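Q: I'm new to this structure. Could you take me through a close look at one part of it, the place where the metals sit?

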Amino acid sequence: MPLKIITVPCLDDNYAYLIRETDTGKVAVVDVPEAGPILAALKDLDWPLDQILITHHHPDHIDGVEELRTATGAQVYGGKDDVHRLPALDFALSEGDSFMLGSETCDVIDVSGHTVGHIAFLFNGAQAAFSADSLMALGCGRLFEGDFAMMWGTMLKFKALPDDVLVYSGHEYTTSNANFALTVEPDNADLLARVADIREKRANDIPTVPASIGLEKATNPFMRADLPEVKALLEMQNASDIDVFGAIRTRKDNF
Ligand code: ZN
Ligand code: FE
């Protein structure tokens, strides 16, 4: 029961994703920065739209929802904790909830930190996680609402996923994330190889997402705050994982 996933660039650097469950032909979109490119992609593919899945309340993830809902009649899914600041939801979801896209199960996890109430959509059967601005390729979202402990908890949830799960995040920020990651771990061979791959992709205007959990665990400094070698590089050998995560996040904010 595979999923066909199409990346739809929106606005300056956002990604929306169209997901088609191929047994039933049911289609979902993850986040709607703007309706135009998504409607154009649906038309090109000749796909209907059944579900609109919202990760969090920021305008660059929801601004096109009403136009897309009106144009397609799709039902809207989003976080229960954010109902007061999301478009009207047909399904309000909390961590532990699941729903079906055709014959595929989607599990909801709370990935707060960037915002409180941010959720991610996890299709376990298809090894695909839609993380928006929580875990990002070689990075994580800036902490607008949550604290270091909350976002480190979110990183641990992603670390617990199987290595072959592909992470589809919400922005093309990877070049800047790569430049920063190199300042934390300049000699990490996996990171150096990934950065070379990222630079080649961007030079050819190819998206750097998705990336696997295994690759993030090997190269993403925000996923690696608990590792002795990373603590040593930051001269924080005796600090807690949360404090090291916080130090890395603070450095990135000032990068
Ligand atoms: Zn955001
Ligand atoms: Fe965003």
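**The two-metal site**

A: Along the sequence, the donor residues of the zinc ion (ligand 1) follow the spacing H-x1-H-x55-H-x18-D. Within this donor set, His56 sits in the loop between strand E4 (51-53) and H2, while Asp133 is in the loop between strand E10 (128-132) and strand E11 (135-136), so the pair links parts of the chain 77 residues apart (helices, H or I, of at least four residues and strands, E, of at least two are DSSP runs numbered from the N terminus). This is a predicted model, where local features need pLDDT of at least 70, side-chain atom pairs need 80 or more, and totals for chains, interfaces and linings use all residues. Residues are numbered from 1 along each chain, chains are lettered from A and ligands numbered from 1 in written order, and side-chain values use heavy atoms, without hydrogens and water.

The zinc donors are His56 (NE2), His58 (ND1), His114 (NE2) and Asp133 (OD), at 2.2 to 2.3 Å. Donors are N, O and S atoms within 2.8 Å of the metal (3.2 Å for Na, K and Ca); water is not among the atoms, so sites may look incomplete.

Asp133 also bridges to the iron ion (ligand 2), and the two ions lie 3.1 Å apart. The iron donors are Asp60 (OD), His61 (NE2), Asp133 (OD) and His171 (NE2), at 2.1 to 2.4 Å.

How buried are these residues? His56 is buried at 0% relative accessible area, Asp133 is buried at 4%, and Asp60 is partly exposed at 21% (buried is under 20%, exposed over 50%, partly exposed in between, with a 1.4 Å probe and protein chains only).
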